[in-house]
Amino acid sequence: MQSENCDPHRPTHPRAFLSCDAGNSEQESPGRSVDFTVSVVLPAAGTGERTGLQTPKQFCTFHGRPLISYTIQAFERVSWIRAVVVVVAKENVDLMTDIIQRFQHRKVRVVPGGSTRHRSIYNGVLALDERDKEEEGSRAGRPKVVIIHDAVRPFVEEDFVYKIAMAAKEQGAAGAIRPLVSTVIASTSEGYLDHSLERAKYRASEMPQGFTYDVIHQAYQRCSESDFEFGTECLHLALQYCGTNAKLIEGPPTLWKVTYKWDLAAAESIVRETLSRSACLITGGSAAALTLADAFRKAAGALEMELDVVPDLTGDNACYLLKEWNFIQVSIDGPLLSEVEATSAALEAANRAPLHPLVVIWVHLSTLDELSVSRGTAEPAAIMELASAAQRRNILLYGIRLQQSKDSERWERSVARVAEITSALVRERSPALVGQLLLA
């Protein structure tokens with residue numbers, strides 16, 4: 001997490017953004033009781049002109065996944081959200097369908113958008129009703145609350161979506177706001193200052209916004225062609241055409257929107273840093289591995305990496321297979337690639353459909369006086385073969401060789417070096433180093 005005294009208007013790290021994987025929405029949300037149906041509309045039909053890129057920003061890829069997939073996952077992981085409708089330009093329907101299938105999104109339906117933002121959102125709202133009419137059983141029927149959110153705001157958190165949903169149910173409409181960063185001014189037709197607004201009295205309207213289905217549906221049925229063509233604010237439509245005065249809730253800094261090219265770089269940086277903050281170290285129950293783990297944890301802490309140490313990934317420790325992104329397998333002396341192979345197999349069996357590549361780092365600790373030359377030449381080929389197979393399963397496997405030393409200062413420096421290499425590997429997730437056996 002960033003410190004509380006950071007700039008409140010710039011990107012910050014989401015607390016729960018990486019809490020679970022695409023399509024895995026079966027976990028119950030602790031402390032959440034939602035006794036009404038909630039669905040989401042994600043307008044994503046924009047062309048992204050302000051980024052200056054040929055590809056619309058919602059389809060730009062970082063860490064191997066398009067931006068819109070991150071946003072979908074933010075809602076899919078919320079157990080009480082029933083469905084997500086993604087509205088895209090007609091020419092991008094096939095692309096969006098492929099993204100849903102490739103990254104195993106399970107709650108999502110794609111519909112074609114309109115010529116303007118409001119027309120696209122209305123298409124999404126109508127699709128929720130059409131979707132529910134097609135469904136059978138107790139879950140049929142239009143949702144009680146509709147959450148509308150920009151497809152290019154990937155870091156929305158469940159806590160805030162919950163506040164919006166509850167307020168929308170009670171008030172009919174609710175929306176996120178943030179303090180204005182700059183003073184708003186009006187200019188004359190000649191380009192001179194006309195007047196300025198008192199910044200303290202105004203707020204920036206953000207996403208997500210929530211509405212009861214009846215309010216947002218009725219607002220769009222009643223609004224004018226001018227609203228459809230030039231309007232951008234859903235809360236205004238609810239007020240003007242339904243008399244529904246929205247509850248405004250100040251949102252966290254994580255609601256920022258990817259608008260410009262540099263915002264994509266900021267989003268990529270946030271994901272990279274979030275992924276690199278923790279790891280699970282597997283000792284195999286060895287006393288020598290435990291000694292290394294103690295020293296490793298201290299060195300990793302200095303690099304702001306939290307380390308959980310476990311003997312294996314079975315029983316209660318199997319939870320790490322579903323929640324951790326980085327694994328360090330320690331082997332003592334012999335070329336025990338079977339241990340790291342078992343870790344990779346366990347990750348594959350967990351069937352996570354991970355948003356990002358998982359990292360497994362094999363640390364080979366030699367307690368012998370000298371390294372075996374023959375072993376040293378055999379292991380690189382073996383780890384490369386294993387790494388190639390793992391990479392096809394979205395697992396990046398790296399190797400680090402460490403020689404134990406009786407000199408305490410030298411040993412401390414070596415462990416610190418292993419921690420530095422590990423931190424760099426999990427942060428960069430470089431395919432170029434996959435299968436390499438590095439010497440600490």
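These notebook entries record what I looked up in a predicted model.

**Entry 1: cysteines**

I began with the sulfur atoms, since a disulfide is a covalent bond between the sulfur atoms of two cysteines. My count came to 0 disulfides. I then examined Cys-319 and found that the nearest cysteine sulfur, that of Cys-280, is 8.2 Å away. A disulfide requires two sulfur atoms within 2.5 Å, so Cys-319 is in no disulfide. For the accessibility of Cys-319 I noted a relative accessible area of 35%, which makes the residue partly exposed. Cys-60, at 12% relative accessibility, I entered as buried.

**Entry 2: salt bridges**

I next listed the charged pairs and obtained 13 salt bridges. I followed three of these across the chain.

The bridge between Arg-119 and Glu-229 has its closest N and O atoms 3.1 Å apart. I located Arg-119 in helix H3 (residues 117–134) and Glu-229 in helix H6 (residues 225–230), and the two residues are 110 residues apart. Glu-229 is partly exposed, with 39% relative accessible area.

For Asp-214 and Arg-142 I recorded a salt bridge of 3.6 Å, N to O. Asp-214 belongs to helix H5 (residues 213–222) and Arg-142 to the loop between H3 and strand E6 (145–148), so this pair ties together parts that are 72 residues apart in sequence. I checked the exposure of both partners. Asp-214 has a relative accessible area of 52% and is exposed, whereas Arg-142, at 37%, counts as partly exposed.

Glu-206 and Arg-153 meet through their side chains in a salt bridge of 2.8 Å, N to O. I placed Glu-206 in strand E10 (residues 203–212) and Arg-153 in the loop between E6 and helix H4 (158–171), with 53 residues separating the two. Are these partners buried or exposed? Glu-206 is buried at a relative accessible area of 17%, and Arg-153 is buried at 7%. I also noted that Glu-206 and Arg-153 belong to a network of salt bridges with Arg-117 and Asp-150.

**Entry 3: strand E6**

I turned to E6 and asked which strands it pairs with. Strand E1 (residues 38–44) is joined to E6 by 4 bridges, and the two run parallel. E10 is also joined to E6 by 4 bridges, but here the strands run antiparallel. As single positions I wrote down Ser-39, which stands opposite Val-146 in E6, and Val-145, whose bridge partner in E10 is Thr-212.

I then considered the side chains. In a regular strand these alternate between the two faces of the sheet. In E6 I found Val-145 and Ile-147 on one side, with Val-146 and Ile-148 on the other. All four are buried, and both faces of E6 are thus covered.

**Entry 4: aromatic rings**

I tabulated the ring pairs and arrived at 6 aromatic pairs. I kept two for closer reading, each described by the distance of the centres and the angle of the planes.

Tyr-122 and Tyr-220 lie 5.2 Å centre to centre with 25 degrees between the planes, and I entered the pair as stacked. The pair links helix H3, which holds Tyr-122, with helix H5, which holds Tyr-220, across 98 residues. Both rings belong to buried residues: Tyr-122 has a relative accessible area of 17%, and Tyr-220 stands at 1%.

Phe-155 and Trp-256 form a tilted pair, 5.8 Å centre to centre and 40 degrees between the planes. I traced Phe-155 to the loop between E6 and H4, and Trp-256 to the loop between strand E11 (247–250) and helix H8 (261–275), 101 residues apart. Phe-155 is buried at 0% relative accessibility, and Trp-256 is buried at 9%.

Returning to the tyrosines, I asked which residues form one aromatic cluster. The members are Tyr-122, Tyr-220 and Phe-228.

**Entry 5: a charge over a ring**

My last search concerned a charged group above an aromatic ring. I found the charged end of Lys-323 over the ring of Tyr-320, at 4.8 Å from the ring centre.

Notes
Residues are numbered from 1 along each chain as its sequence is written. This is a predicted model: local features need pLDDT of at least 70, side-chain atom pairs count only at pLDDT 80 or more; totals for chains, interfaces and linings use all residues. Side-chain values use heavy atoms; hydrogens and water are left out. Buried means under 20% relative accessible area, exposed over 50%, partly exposed in between (1.4 Å probe, protein chains only). A salt bridge is a side-chain nitrogen of Lys or Arg within 4 Å of a carboxyl oxygen of Asp or Glu. Two strands pair if DSSP finds at least two bridges between them. Rings of Phe, Tyr and Trp (its six-membered ring) pair if their centres lie within 6.5 Å; planes under 30 degrees apart count as stacked, over 60 as edge-to-face and the rest as tilted. A charge sits over a ring if NZ of Lys or CZ of Arg is within 6 Å of the ring centre and within 35 degrees of the ring normal.
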